[in-house]
Amino acid sequence: MDKLDSRIHAFRADLTAEHLRGKVKATNFAAGQRRQVTLGHVALRRAPEPNAPLDTELLFGESVQLYDDQNGWAWVQSERDGYVGYTGSESLSAKPLEATHRVSVVATHLYPLPELKSVPTDWLPMTACVSVANTESDFCELASGGWIFANHLVAIDVHADDHCDTALMFRNAPYLWGGKTSAGIDCSGLLQVSLASCGKHIPRDTDMQKSVGKAVDYKGADEKLQRGDLVFWRGHAGIWVDQQTFIHANATDMLVATEPLSAVATRIETGSGEQILCVRRL
């Protein structure tokens with residue numbers, strides 16, 4: 001039996017998800033309970049500790065399967081990309097709401113009243129999903145409470161046309177390992193969020209993402225590239241926009257930056273010896 005990837009399969013020494021029965025030897029199994037994220041964005045950590053590594057983030061309205069909940073830490077699996085980890089129990093609701101709209105800007109505030117001068121209670125990142133109960137003037141009231149500026153939302157079945165345009169909206173956002181918002185984002189997070197805005201859902205980490213779509217016979221020839229192609233190194237990725245514009249969240253600039261692909265490739269090869277592994281086209 002192939003070894004299961006613990007990032008996307010819910011198993012540990014003392015407990016395993018029920019749907020893995022027969023695939024993993026375990027003493028205790030748990031059926032998942034559906035929960036929904038009620039805060040703008042929350043950390044999904046590798047261990048139930050506040051200083052444990054940040055593997056990814058869960059966004060407002062995202063549904064998860066809950067397998068264990070102890071001492072304020074919920075062990076969950078995202079229904080969006082399958083990622084497994086620990087998040088704060090207080091960020092989850094046992095009464096999921098059906099999403100009607102999605103945040104289409106990099107970030108928007110959640111207000112207690114339909115009034116721009118009211119003090120926001122939270123902020124929601126791009127691709128966060130909400131359930132709109134009412135519209136008043138320029139604001140939408142959420143079924144979960146609070147108001148969002150209506151022009152920052154689109155119907156749940158409406159998607160952007162170009163993931164390059166979405167990625168460029170994050171230009172100069174700070175780099176954050178495991179991040180998925182304009183407050184902090186990493187290279188694979190930028191790809192995942194940008195494509196999700198277009199209704200294309202891909203895995204979370206670069207080693208999983210490099211098998212999406214179809215391969216492009218690149219071999220260092222930019223003329224073979226098309227707008228939107230995904231370029232991968234070992235542990236890094238970005239999006240080719242045009243001859244002068246390759247966008248990527250990177251630890252060199254510690255932000256989302258644009259520069260020619262050739263400059264990025266040369267710098268990475270000079271620094272680590274790594275060359276481009278592959279180019280994928282969706």
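This briefing walks through the pockets, a cavity, some strands and a few individual residues of the structure above. Keep in mind that this is a predicted model. The largest pocket comes in at about 470 Å³, and the second largest at about 360 Å³. On the sheet side, there's an open, antiparallel arrangement of six strands, plus a run of hairpins built around β7, whose six residues are buried.

**The largest pocket**

- With a volume of about 470 Å³, the largest pocket is lined by 26 residues, and R7, R46, D55, Y83 and D205 are the ones closest to its centre.
- Three elements, β8 (84–88), α2 (187–196) and α3 (206–209), each put at least two residues into that lining.
- β8 gives the largest share of the lining, at three residues.
- By character, the lining of the largest pocket splits into 11 charged, 10 nonpolar and five polar residues.

**The second largest pocket**

- The second largest pocket, at about 360 Å³, has 19 lining residues, and those nearest its centre are G61, R80, C129, I156 and H201.
- Here the lining divides into seven polar, six nonpolar and six charged residues.

**The cavity**

- Searching the whole structure turns up one cavity of 30 Å³ or more, and the largest cavity has a volume of about 70 Å³.
- Its lining is made up of R80, D81, T127, K180, Q192, V193, A196, H201 and I202.
- α2 supplies the largest share of the cavity lining, with three residues.
- The cavity lining is an even split: three nonpolar, three polar and three charged.
- R80 and H201 are worth a second look: both are on the list of residues lining the largest cavity, and both are among those nearest the centre of the second largest pocket.

**β6, β7 and β8**

- Strand β7 (residues 73–78) is mostly covered, with six of its six residues buried.
- W73, W75 and Q77 point one way from β7, while A74, V76 and S78 point the other way, and all of them are buried.
- β7 pairs with β6 in the antiparallel sense over six bridges, and S78 in β7 is the bridge partner of V64.
- The β6–β7 hairpin has two residues between the strands, and N71 there takes a positive phi near 55°.
- β7 also runs antiparallel to β8, with five bridges joining the two, and W73 sits opposite G88 in β8.
- In the β7–β8 hairpin there are five residues between the strands, and G82 takes a positive phi near 80°.
- β8 ties this region to the largest pocket, as it provides three residues of that lining.

**S63 and Q36**

- S63 belongs to strand β6 (residues 63–70) and counts as buried because its relative accessibility is 10%, with the cut-off for buried being under 20%.
- The S63 side chain makes a polar contact with the side chain of R34, at 3.3 Å.
- Beyond its neighbours within four places in sequence, S63 is in contact with R34, R35, Q36, S78, E79 and R80.
- Q36 lies in strand β3 (residues 33–37) and, at 9% relative accessibility, counts as buried too.
- Leaving out residues up to four places away in sequence, Q36 touches G61, E62, S63, S91, L92, S93, K95, P96 and L97.

**The six-strand sheet**

- The strand order of this open sheet is β20-β25-β21-β22-β23-β24, with antiparallel pairing.
- β20 (214–215) and β24 (255–259) are the edge strands, and each has a single partner, so one side of each has no neighbour in the sheet.
- β20 pairs with strand β25 (residues 278–281) in the antiparallel sense over two bridges, and A215 has R280 in β25 as its bridge partner.

**D157**

- You'll find D157 in the loop between β17 (153–155) and α1 (163–168).
- D157 is exposed, with a relative accessible area of 59%.
- D157 and G199 are 42 residues apart in sequence, yet their C-alpha atoms are 8.3 Å apart in space.

Terms used: Residues numbered from 1 in each chain as written. Heavy atoms only, no water. 1 Å grid on protein atoms, 1.4 Å probe; cavity = no way out; pocket = protein on both sides within 12 Å on 5 of 7 lines; lining within 4 Å. Points joined across faces, edges and corners; volume = space filled by probe spheres on them. Helix = DSSP H or I, 4+ residues; strand = E, 2+ residues; numbered from the N terminus. Nonpolar A, V, L, I, M, F, W, Y, C, P; charged D, E, K, R; others polar. Buried < 20%, exposed > 50% of the residue type's maximum accessible area, 1.4 Å probe, protein only. Polar contact = N/O pair within 3.5 Å; in protein donor to acceptor, adjacent residues only side chain to side chain. Contact = heavy atoms within 4.5 Å. Pairing = 2+ DSSP bridges.
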